[in-house]
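Colleague: I would like a close look at one part of this model, the arginine side chain and the charged groups around it. Please take it from there to the ligand and the other charge pairs.

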Amino acid sequence: MRASPVFARLDGDRTSVVWMACGDALDCLYLGPPLAADEDLVALSNAASRGRHENQPDIPPTGGLLPDPRTGWRGPLLAEFAQDRAPVIPRWTGLKIETSPDRQTIGAGWRDEDLALTLSVSWTIGAGDVITTRTQFLNAEDRGLRATRCASLLLPLPRGFDHVTHFAGRWADDMRAERVRLTRAGLGWASRGGKPGFAGGDWLVFDDAGSGAQLGFHIAATGDHEVRIERNDDGDATLVAETPIPAPGASMFTTPDALIAWAPDPDTLTHAFHINARERLTRQYPNPPRERRVHFNTWEACAFDFDEARLMRLAEDAAAIGAERFVLDDGWFKGRSSDRAGLGDWTPDPVRFPNGLGPLIARVKALGMDFGLWVEPEMVSPDSDLYRRHPDWCLHAEDRDRSTMRGQLVLDIARPEVSGFLFERLDALLAQHRIAYLKWDHNRDLFPAAGKQVRQTLALYDLLDRLRQAHPQVEIESCSSGGGRIDFGIMRYCHRVWPSDNNDPVERARIMRSWSQFLPLEVLGNHVGPSPNPITGRRTEMDFRAKVALFGHMGVEADPGAMSEHERSVLAAHIALYKAWRGVLHAGDWYGLDHPDPGIFAQMVVHGDKALALAAQTCFSAAFDTAPLRLEGLEADAIYRVTLPRPWPGKASLYLPDWQTWESGLTLSGRALMTQGIALPLTHPETAWVIALERLPQ
Ligand code: GLA
C-alpha cells in the first residue's frame, strides 16, 4: 500500500509551489499561479495521478525531485556516486521535509545509513517570486565513496511547457534568442571554458503555447555548467542543471543556485527577474550608489593608442558632452602596448604615465567626473614581469606547451600566494587613487584546468568579496569579451555587466532586448561607439546610436574629437535626455513591445506616472507605413500626454505629419495607446524614436 502523502508548500504573491512526499519519494506536484490556502492538496494529487500503461514497471516510477533508478526510472538522476569507479546507488530513506519559520524555504533531506551519506534539496521563494534551488551533499565517513555528479536542480517540467527559448551566441553576437520545440531527442547545452560563456543554456524561458504561461530558468554558476532537458516516452520532460563537483572525494558541498520563476506572461516573468536582481543589488550595495553615471570609456575611442596628454584631451571632450565617469580601459599598465604583453603587472606604465595615474585622475576629478579603471586580474601575459618572476603561477600541465589565447595565460588564483598578490595589487591601486569603478575583464577560457575550474570560480568569488569588503564604495563590472560571464553568482559582487563587445546599434538593439528579459536596464552597460563600428564595419547615424544606448546604463566609447560638431551636439542632447529619464529607466517596469515588423526592436519602461519607450528599426521595412507601435503597462483609463522628445532622427522626421503636435504632445487614454498604438515613420533602416509619456492628473 502506498504511504499517505505529505505536502509542503511555498506561496508567493503570484506563485504557489506544492511538494508531495510519498514514503521516501518526493515530487513537485504543483508549480503555477497561487492556490487558495485551503486548496485540497489530496484532491490535487488525485487529479494529477495516472494509471499504469503498457510497457511500464508494474509500479510506475514517479521520477520527481529525487528519482530512484531502482524503481525503473530511466531518466536523469539528481546525484550519482561511485566507489572504486563502480557506480553505487544509494538507498535514500528517512525523508524529512521542513518548512522554514518564515515559510519562504522548503527543504527535504534523505540519508543512506549504510553509506553514511546525506542529501538535501531546498527551494526558497524570494523577491519577485523567483525560486532559488540548491542541493547539498554530505559524506560523513570516508569510505572511499565519491559523488560523481550532483545537480543544482532536477525539475520535472510541468506539462504544457513544450517550447523553450535558449540563447545561442558567440563573441560580439551575444544572446541570439532561438525558440525550439521540446522533442523526444532532448536538448542540452554546456559551458566548458570555465565561465558561463556565450551559449551555455544558462538562461532559458519555457513557454506553454496554450496558456501563454512562462517558466524562466537560470543557473547562477560563474564557471562551467551543463543544462539538459530529457523527455521520455511517456511525454515527461525533466530539466537538469549542474556544475562539476568542486573536488573529487569532497566530503561535503553545496551546489550553486539555480533559479526558476513561473509567470502568466513574458512581461511578468521579466518583472520577476528584475525585482529579484534589484533586491540582490540592494542587499549588496546597502547604501545605493548614486544614479548610474554616464560613462566615457577609452576602448573604442583610442584602444592602445594613447599617452597622458591624449587622455587629458579625451577627458575634457568627454566632460563637455556630459560624461560623468571617465573609464580608462586596457593599455594603462606596465608594458601593455598591445594585447600581447603586460597582464599581471598592475602598475601604471612609466612611459605613458611618467608621474603615475595621479595627474590624470586629478584632471578627471577637476572636470567633475569619477574615475574608473579596466583590469583583467585572473590573467598573465608570458611577456610580463609577473610571468618572468613566477612562471609556475599559471594553469599549466608539466612538460606541455602553454597554449595561449589572446596571447595570455590564466593564473591559478586558487593558490593563496597568487590571489594574495592580486588582492595586494588591486587593494593598493584602490587605496592610492580615487577609483570609483573597476571594469573586471576575463578574455580567455580556462585551460588546461584539469578539474580546477570550480576552485578557480570559488577563488574569484573570494577575491571579489575581499575587495568589496575593503572598498565597499567601488562599483565593479563583470565583462568577459562582452557577455561571456554574466550570471547571478558573479552579480553578488558586481554592480553592472557588459552585455556585449558589439556597440553597433543594429546588433546592440537585439542583444539588449535579449538580456533585458532577465536583467534590469541599470545593470546593462550600453555605449555609443564610433562609426564605422570597429567590429561590424557598419556606418550609422549618431542619432540612432545614441537612442539605442539610452536604454541601459549609458556610456560613450568613441572619440568626441573625431566627431562632427553636429554629432557631438546630438550625442550631448541624448546624454541630457538619459540624465532626465534614468530615474524612470532604472527603477520602472520593463516591457518588451511586440511589433509585426521583425526589424523593429521596441521596449518601454513605466515608473509611477511616467514612461519612456524606444522603437528602433534595424532593417528596411517591407511596408512604407509600418504598423502602429502598441504600448504596454499603462493604466487603461488614465490619460497620458505623449511627446516625441528631441532630437529626432533627421530623415524620418520629414515624414511626421503635424510635427508640432508631437512636440507639444497628444493626450490619449492608456487604452488607446495599448490597443491602437501610435504610428511612427519607421520605414528606413537605422531609425529610432523615443516616446515620452506622462500620466495626467485625473
Ligand atoms: C575585452 C572587453 C572590451 C575591452 C577589451 C580590452 O575585449 O570586452 O570591452 O575592454 O577587452 O582589451
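Modeller: What follows starts at one arginine and works outward through the charge pairs, the ligand and a few single residues. The model is predicted.

The arginine is R292, in the loop between α2 (266–284) and β20 (295–297). R292 is buried, yet it has no salt bridge. Which side chain of opposite charge is nearest to R292? It is E475, at 5.5 Å. A salt bridge needs a side-chain nitrogen of Lys or Arg within 4 Å of a carboxyl oxygen of Asp or Glu, so R292 and E475, at 5.5 Å, do not form one. What the side chain of R292 does reach is the backbone oxygen of H495, at 2.9 Å. Leaving aside neighbours within four places in sequence, the residues in contact with R292 are L281, E324, H495, R496, E522, V523, H553, Y578, R582 and H586. H495 therefore appears both as a contact of R292 and as the residue whose backbone oxygen the R292 side chain reaches.

E475 has a partner elsewhere. Its side chain meets that of R325 in a salt bridge, with 3.0 Å from N to O. This pair links distant parts of the chain: R325 is in strand β21 (residues 325–328) and E475 in strand β26 (residues 475–478), 150 residues apart. Are the two partners buried or exposed? R325 has a relative accessibility of 0% and counts as buried. E475 is buried too, with a relative accessible area of 6%.

In general terms, side chains of opposite charge can pair when their charged atoms come close. By the rule used here, the count comes to 49 salt bridges. A second example is E242 with R228, whose side chains meet at 3.6 Å, N to O. E242 belongs to strand β17 (residues 237–242) and R228 to strand β16 (residues 225–231); the two residues are 14 apart, and the pair links distant parts of the chain. E242 is buried, with a relative accessible area of 8%. A third example is E316 with R363, a salt bridge of 3.1 Å, N to O. E316 lies in helix α4 (residues 308–321) and R363 in helix α5 (residues 358–366), so this pair ties together parts that are 47 residues apart in sequence. E316 counts as partly exposed, at 33% relative accessibility. R363 is also partly exposed, with a relative accessible area of 30%.

Salt bridges can also share partners. E80, R149, E226, R228, E230 and E242 are joined in this way into one network. The pair of E242 and R228 described above has both its residues in that network.

Next comes the ligand. There are 13 residues around the ligand, and D329, D330, R406, K439 and D501 come nearest. For D501, a polar side-chain atom lies 2.5 Å from an oxygen atom of the ligand. In N443, an N or O atom of the side chain is 3.3 Å from an oxygen atom of the ligand. In G482 the backbone is involved: one of its N or O atoms lies 3.3 Å from an oxygen atom of the ligand. The protein covers 96% of the 300 Å² of accessible area that the ligand has on its own.

Three single residues remain. D257 sits in the loop between β18 (252–254) and β19 (258–263). At 13% relative accessibility, D257 counts as buried. Its side chain and that of R134 are joined by a polar contact of 2.8 Å. Not counting residues up to four places away in sequence, D257 touches T132, T133, R134, H218, I219 and A220.

A602 is found in strand β31 (residues 600–607) and counts as buried, at 0% relative accessibility. With neighbours within four places in sequence left aside, the contacts of A602 are R513, Y591, G592, L593, L614, A615 and L629. R630 is 28 residues from A602 along the chain, and their C-alpha atoms are separated by 9.6 Å.

P87, in strand β5 (residues 86–88), is exposed, with a relative accessible area of 70%. Not counting residues up to four places away in sequence, P87 touches F81 and A82. P87 and L145 are 58 residues apart in sequence and 9.6 Å apart in space, C-alpha to C-alpha.

Notes. Residues are numbered from 1 along each chain as its sequence is written. This is a predicted model: local features need pLDDT of at least 70, side-chain atom pairs count only at pLDDT 80 or more; totals for chains, interfaces and linings use all residues. Side-chain values use heavy atoms; hydrogens and water are left out. Helices (H or I, at least four residues) and strands (E, at least two) are DSSP runs, numbered from the N terminus. Buried means under 20% relative accessible area, exposed over 50%, partly exposed in between (1.4 Å probe, protein chains only). Lys and Arg count as positive and Asp and Glu as negative; His and the chain ends are not counted. A polar contact is a pair of N or O atoms within 3.5 Å; within protein, one must be able to donate a hydrogen and the other to accept it, and residues adjacent in sequence count only if both atoms are side-chain atoms. Contact means heavy atoms within 4.5 Å. A residue is near a molecule or strand if one of its heavy atoms lies within 4 Å of it. Accessible areas come from the Shrake-Rupley method with a 1.4 Å probe; for residues, only the protein chains shown count as cover.
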